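Student: Could you take me through this protein step by step, so that I learn how to reason from a structure?

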Amino acid sequence: MSRIVRYEFTGSWLWFWFCCVTVIGIPIGILYLLSATLRVETEMAEPERFVSEYRAGRWHRA
């Protein structure tokens with residue numbers, strides 16, 4: 001069975017951008033982005049169909 005791998009940021013976008021705006025906070029913002037990002041693997045029978053529907057905007061989360 002084929003697998004779809006995607007990444008989701010679960011942190012606060014406000015905190016991330018605040019860190020990136022300040023020069024000293026850029027390394028902290030990058031570390032925060034890396035630590036708050038999850039890797040989600042989903043096994044599917046037809047991953048090509050899923051990708052085409054996702055790109056067309058017809059896929060919705062259940």
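**Charges, cysteines and rings**

Tutor: Five salt bridges are counted here, and please keep in mind that the model is predicted.

Student: Which residue forms a salt bridge with Glu8?

Tutor: Side chains of opposite charge can pair when their charged atoms come close. For Glu8 the closest N and O atoms of the pair are 2.2 Å apart, and a salt bridge requires them to be within 4 Å. Glu8 is partly exposed, at 24% relative accessible area, and so is its partner, at 29%. That partner is Arg6.

Student: How far apart are the closest N and O atoms in the salt bridge between Glu46 and Arg49?

Tutor: Glu46 is partly exposed because its relative accessible area, 45%, falls between the limits of 20% and 50%. Arg49 is likewise partly exposed, with a value of 48%. The closest N and O atoms of this salt bridge are separated by 3.7 Å.

Student: Which residues are linked with Arg3 in a network of salt bridges?

Tutor: One bridge to look at joins Glu41, which is partly exposed with a relative accessible area of 41%, to Arg39, and there the closest N and O atoms are 3.1 Å apart. Both of these residues belong to a network of salt bridges that includes Arg3. The residues linked with Arg3 are therefore Arg39 and Glu41.

Student: How many disulfides does the count come to?

Tutor: A disulfide needs two cysteine sulfur atoms within 2.5 Å. For Cys19 the nearest cysteine sulfur belongs to Cys20 and is 6.8 Å away, so Cys19 is in no disulfide, and Cys20 is in none either. The count of disulfides is zero.

Student: Is Cys19 buried or exposed?

Tutor: Its neighbour in the sequence, Cys20, counts as partly exposed at 21% relative accessibility. Cys19 has a relative accessible area of 5%, and because this is under 20%, Cys19 is buried.

Student: Which residues do ring pairs link into a cluster?

Tutor: Across the whole structure, a search finds seven aromatic pairs. Ring pairs join a set of residues into a cluster, and its members are Phe9, Trp13, Phe16, Trp17 and Tyr32.

Student: Which residues make the nonpolar surface patch?

Tutor: We can start from Ile26, which lies in helix H2, spanning residues 26–35. Ile26 is partly exposed at 36% relative accessible area, so it passes the limit of over 30% that a patch residue needs. The patch covers about 400 Å², and it is made by Ile26, Ile30, Leu31 and Leu34.

Note on methods
Residues numbered from 1 in each chain as written. Predicted model: local features only at pLDDT ≥ 70, side-chain atom pairs only at ≥ 80, totals over all residues. Heavy atoms only, no water. Patch = residues over 30% accessible without salt bridge, like charges linked within 9 Å, V, L, I, M, F, W, Y side chains within 5 Å. Areas by Shrake-Rupley, 256 points an atom, 1.4 Å probe, with all protein chains shown as cover. Salt bridge = Lys/Arg side-chain N within 4 Å of Asp/Glu carboxyl O. Helix = DSSP H or I, 4+ residues; strand = E, 2+ residues; numbered from the N terminus. Buried < 20%, exposed > 50% of the residue type's maximum accessible area, 1.4 Å probe, protein only. Phe/Tyr/Trp six-rings, centres within 6.5 Å; stacked < 30°, edge-to-face > 60°.
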